[in-house]
Amino acid sequence: MGLTDKVNKDIAAAMKAKDAGRLSALRMAKAAIMNKGVEKGRDLEDAEVVQVITGLVKQRRDSIEQFSKAGRSDLVDRETAEIAVLTEFLPPAATPEEVDTAVAAAIAETGATSAKDVGKVMKAVMPKLAGKNADGRTINEAVRRKLGA
């Protein structure tokens, strides 16, 4: 069963369970998936669905940051709940050890020595962590730490 089908099945289950918070997050995900599919002119493959959901999670994290600064804990809680629902559809997160190993291998591969090489290293690291749920910000911080930037 594809991820799109799983989202649809979970929407039906949330409706039966009368779980409004989960239903809202799932409908938002389905809408984003459908919009991307219309944009591409075809049904999305699972890898593309993962990209869409990853983008939604990133948006929620950015919103949480803004709501926290504004002191809106009610909105922070809602966004956090949506992230919990969305992450069920993502592959397992890359562990810090996996990120460090991939960063070290990319630095050796690219011959990076300074902070000016962060972009080169990032470009080499991302394919190594493909298939894992790896946050770009976390990877960037690891690269900067290893390069002493």
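This passage describes the two largest pockets of a predicted model and the setting of alanine 12. Residues are numbered from 1 along each chain as its sequence is written, and side-chain values use heavy atoms, without hydrogens or water. Because the model is predicted, local features need pLDDT of at least 70 and side-chain atom pairs count only at pLDDT 80 or more, whereas totals for chains, interfaces and linings use all residues.

The largest pocket (an open set of points on a 1 Å grid over the protein atoms alone, where a 1.4 Å probe fits, with protein on both sides within 12 Å along at least five of seven lines) holds about 430 Å³ of space. Its lining (residues with an atom within 4 Å of a point) comprises 22 residues, with Arg61, Ala134, Asp135, Gly136 and Thr138 nearest the centre. Helix 7 (a DSSP run of H or I, at least four residues, numbered from the N terminus) supplies the largest share of this lining, seven residues. Helix 3 (46-70) and helix 5 (96-110) each supply at least two.

The second largest pocket has a volume of about 220 Å³. Twelve residues line the second largest pocket, and Thr54, Leu129, Lys132, Asn133 and Ala134 lie nearest its centre. Helix 3 gives the most to this lining, with three residues.

Alanine 12 lies in helix 1 (residues 3-17). At 34% relative accessibility alanine 12 is partly exposed (between 20% and 50% relative accessible area, 1.4 Å probe, protein chains only). The C-alpha atom of alanine 12 is 8.5 Å from that of leucine 23, eleven residues apart along the chain.

Methods
Points joined across faces, edges and corners; volume = space filled by probe spheres on them.
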